[in-house]
Amino acid sequence: MVAAKLTYEECRRKRLEENNKRLKALNLPLLSQALRESLTPKSSPAKNSKPRRVREQQVPLRRSSRVANKAYQAQKEISEPVVIPAVVTPKVVIPRVVVSERIHSKGRDLSNRVYASEEARTCAMERAEELQASLEPQYPSFLKSMLQSHVTGGFWLGLPVHFCKATLPKSDVIMNLVDEEGDEYPTVFLARKSGLSGGWKRFSVAHKLVDGDALVFQLIRPTKFKVYIVRVSSFEEGNKC
């Protein structure tokens, strides 16, 4: 057993010696060492160098005494409070078409309305046409037969559209109504609606207009009508035209 073991060890030693000789013949140990040295990272000299320290120093700007005085004066003016004068916005007054005097009623009692007969209404309009024909032709005019809405309801008087477009102002104005006694009543003329609104009620109540009365409107000024009234009551109760 001992002789066999020695023989094995001797054979193994001889084999290692032969392998070493072959490696030396091929220079493999030197090549492996050179490969390890090439793969090992080397520190660069730039990284090992110490960083430079930059010293900061505030150096005052050199300027002339004239520029320095101006800068000081400007800084002084900025530090002082600035007082801004208040701007007063002028008030814009928008004119409005209003009538100062109006008649206000607590409620309208429409139960006692009196309607004119068709015969009496026709007679009043015929008499108004005769009156219109006798007026000066240089002043334009038109006729209007009163309805309940003109004298007891909403007190709105619509005027002929063609007459408004041809002769009356294109915007809302105060239109004065002058009766046969010379008294004036201001009313509001609404151009877009071609009618009289505010103030017409006062004229109607003051002259006790009723359904069927015929009125002649004569334009004697651009914003003034002369109004003639033909009473329908003159042709009621069997009175002929």
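# A walk through the sheet, its cores and two unusual loops

The protein contains eight helices and seven strands, and the model discussed here is a predicted one. Of its 241 residues, 26% count as buried, and the accessible surface comes to about 19200 Å², with 55% of that area belonging to carbon and sulfur atoms. Among the contacts between residues at least 6 apart in sequence, 59% join residues that are at least 24 apart.

The strands offer a convenient place to start. All seven of them form an open sheet whose order is S1-S6-S7-S3-S4-S5-S2, with mixed pairing. The edges of this sheet are taken by S1 and strand S2 (157–158), and because each has a single partner strand, one side of each is left without a neighbour in the sheet. Strand S1, which spans residues 141–145, is nevertheless mostly covered, since four of its five residues are buried, that is, under 20% relative accessible area. The pairing of S1 with S6 is antiparallel and extends over five bridges, and within it Ser 145 has Ala 214 of S6 as its bridge partner. Further along the order, S3 and S7 run parallel and are joined by three bridges; here Leu 177 finds its bridge partner in S7 at Phe 225. As a general point, side chains in a regular strand alternate between the two faces of the sheet. Helix H5, made of residues 118–133, lies across S1, S6 and S7 and runs at about 165° to S1.

From the sheet the path leads to the nonpolar packing. The largest nonpolar core has 25 residues, and those that touch the most other members are Leu 168, Phe 189, Trp 200, Leu 215, Phe 217 and Phe 225. At least two residues of this core come from each of helix H7 (161–167), strand S3 (173–178), strand S4 (184–190), helix H8 (200–206), strand S6 (214–221) and strand S7 (224–230). Separate from it is a second core of 13 residues, which includes Ala 116, Ala 128, Ala 214 and Val 232. Ala 214, the bridge partner of Ser 145, is thus also listed in this second core.

Which residues surround Phe 217, leaving aside those up to four places away in sequence? Its contacts are with Pro 140, Ser 141, Phe 142, Lys 144, Leu 157, Leu 177, Trp 200, Phe 225, Lys 226 and Val 227. Among these neighbours are Leu 177 and Phe 225, the two residues that are bridge partners between S3 and S7.

Two serines show how polar residues can be placed in covered surroundings. Ser 204 lies in helix H8 and is buried, with a relative accessible area of 1%. Beyond residues up to four places away in sequence, Ser 204 touches His 150, Val 151, Phe 155 and Leu 209. Ser 204 is also 52 residues from Thr 152 in sequence, while their C-alpha atoms are 8.8 Å apart in space.

Ser 194, in turn, sits in the loop between S4 and strand S5 (195–196), and at 12% relative accessibility this residue counts as buried. With residues up to four places away in sequence set aside, the contacts of Ser 194 are Gly 158, Leu 159, Val 161, Cys 164 and Phe 189. The backbone of Ser 194 deserves a separate look, for although this residue is not a glycine, its phi is positive at about 55°. Most residues other than glycine have a negative phi. Lys 208 likewise has a positive phi, of about 50°, without being a glycine. Is Lys 208 buried or exposed? Lys 208, which lies in the loop between H8 and S6, is exposed, with a relative accessible area of 68%.

The cysteines complete the picture. A search of the whole structure finds zero disulfides. Cys 164, already met as a contact of Ser 194, is buried with a relative accessible area of 5%, whereas Cys 11 is partly exposed, with a relative accessible area of 40%.

Key: Residues numbered from 1 in each chain as written. Predicted model: local features only at pLDDT ≥ 70, side-chain atom pairs only at ≥ 80, totals over all residues. Heavy atoms only, no water. Core = buried A, V, L, I, M, F, W, Y, C linked by side-chain atoms within 4.5 Å. Buried < 20%, exposed > 50% of the residue type's maximum accessible area, 1.4 Å probe, protein only. Contact = heavy atoms within 4.5 Å. Disulfide = S-S within 2.5 Å. Pairing = 2+ DSSP bridges. Areas by Shrake-Rupley, 256 points an atom, 1.4 Å probe, with all protein chains shown as cover. Axes fitted to C-alpha atoms, helices over the stretch in contact; angles between N-to-C directions.
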